[in-house]
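Subject: Structure handover

Hi,

Here is the structure I promised to pass on to you. My notes follow below it, so you can read them with the model open beside you.

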Amino acid sequence: GRPVGTTIYPGMQFTAVYIKNYLTGDRMSLNDVCCYMPAWFGALATVLIGCLTYECSLPENTSTTLVGVLVDALKGRRTDTSTLDPSGQAFRSRRVALGLSTPALECAVFAMGFMAIVPAH
């Protein structure tokens, strides 16, 4: 087999040991936790992608095309947030960068930039 301890990300090892010690206890072995982790994290990623898809498909987030967002970003225009929130309080107090008006999109852009900068190995 493959030397697992030297060919995976260290975060996976720490996560597996944390799950074994604090969440499953003696009910599962460390090997079982390592075998089930891809399925657990795959299910979690599916749920989170579903939530992101729901957020992106809301009518207030689909009022323009990708080209429109890029043109607005290049011209320095920002999204008019007073029309997005019925109460008007939460969105008006926040700065909206480059037309991104939802925390989910801002987090996705941050994660993409972080993954582009930080080396994988």
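Let me begin with Ala 104: its relative accessibility is 22%, so it counts as partly exposed, since buried would require under 20%. Please bear in mind that this is a predicted model.

Ala 104 sits in helix H6, which covers residues 103-117. Setting aside neighbours within four places in sequence, the contacts of Ala 104 are Leu 52 and Glu 55. The pair Ala 104 and Glu 55 is separated by 49 residues in sequence, yet their C-alpha atoms are 7.1 Å apart in space. Glu 55 belongs to helix H3. With a relative accessible area of 22%, Glu 55 is partly exposed.

**The chain as a whole**

How many helices and strands does the chain have? There are six helices and zero strands, so read from the N terminus the elements run α-α-α-α-α-α, with helices and strands taken as DSSP runs. The chain has 121 residues, and buried ones make up 15% of them. Its accessible surface comes to about 9400 Å², with 68% of that belonging to carbon and sulfur atoms. As for contacts between residues at least 6 apart in sequence, 23% of them join residues at least 24 apart.

**Helix H3 and the nonpolar patch**

H3 runs over residues 30-56, which makes 27 residues. From its first C-alpha to its last it reaches 38 Å, close to the 39 Å expected at 1.5 Å a residue. What happens at Tyr 36 in H3? The helix bends there by about 40°. A proline, Pro 38, follows within four residues of that bend.

Tyr 36 also turns up in a nonpolar patch on the surface. The other members are Tyr 9, Met 12, Trp 40, Phe 41, Leu 44 and Leu 48. Together the patch residues have about 690 Å² of accessible area. Which helix gives the largest share of the nonpolar patch? That is H3, with five residues. Phe 41 is a good one to click on: it is found in helix H3, and its relative accessible area of 33% makes it partly exposed. That value also explains why Phe 41 can be a patch member, because patches are made of residues with over 30% relative accessible area.

**Helix H2 and its buried residues**

H2 takes in residues 10-24. Its 15 residues should span 21 Å at 1.5 Å a residue, and the end C-alpha atoms are 20 Å apart, which agrees. Which residues of H2 are buried? They are Ala 16, Ile 19, Lys 20 and Thr 24, and the buried residues of H2 pack against H3.

Thr 24, in helix H2, has a relative accessibility of 11% and therefore counts as buried. Leaving out neighbours within four places in sequence, Thr 24 is in contact with Ile 19 and Val 33. H2 is followed by Gly 25, whose phi is positive, near 65°.

**Lys 20 and the salt bridge**

Is Lys 20 buried or exposed? Lys 20 is buried, because its relative accessible area is 18% and the cut-off is under 20%. Again without neighbours within four places in sequence, Lys 20 is in contact with Gly 25, Asp 26, Met 28, Ser 29, Leu 30 and Val 33. Val 33 is thus a contact of Lys 20 and of Thr 24, given that contact means heavy atoms within 4.5 Å.

The salt bridge count comes to one. Asp 26 forms it with Lys 20, and the closest N and O atoms are 4.0 Å apart. Asp 26 is exposed, with a relative accessible area of 79%, whereas Lys 20 at 18% counts as buried.

If you would like a short route through the model, here is one:

- Ala 104 with its contacts Leu 52 and Glu 55.
- The bend of about 40° in H3 at Tyr 36.
- The nonpolar patch, including Trp 40 and Phe 41.
- The salt bridge between Asp 26 and Lys 20.

Happy to talk it through whenever it suits you.

Best wishes

Definitions and conventions: Residues numbered from 1 in each chain as written. Predicted model: local features only at pLDDT ≥ 70, side-chain atom pairs only at ≥ 80, totals over all residues. Heavy atoms only, no water. Helix = DSSP H or I, 4+ residues; strand = E, 2+ residues; numbered from the N terminus. Expected span 1.5 Å × (residues − 1). Bend = angle between axes of the 7 residues up to and from the residue. Buried < 20%, exposed > 50% of the residue type's maximum accessible area, 1.4 Å probe, protein only. Patch = residues over 30% accessible without salt bridge, like charges linked within 9 Å, V, L, I, M, F, W, Y side chains within 5 Å. Areas by Shrake-Rupley, 256 points an atom, 1.4 Å probe, with all protein chains shown as cover. Salt bridge = Lys/Arg side-chain N within 4 Å of Asp/Glu carboxyl O.
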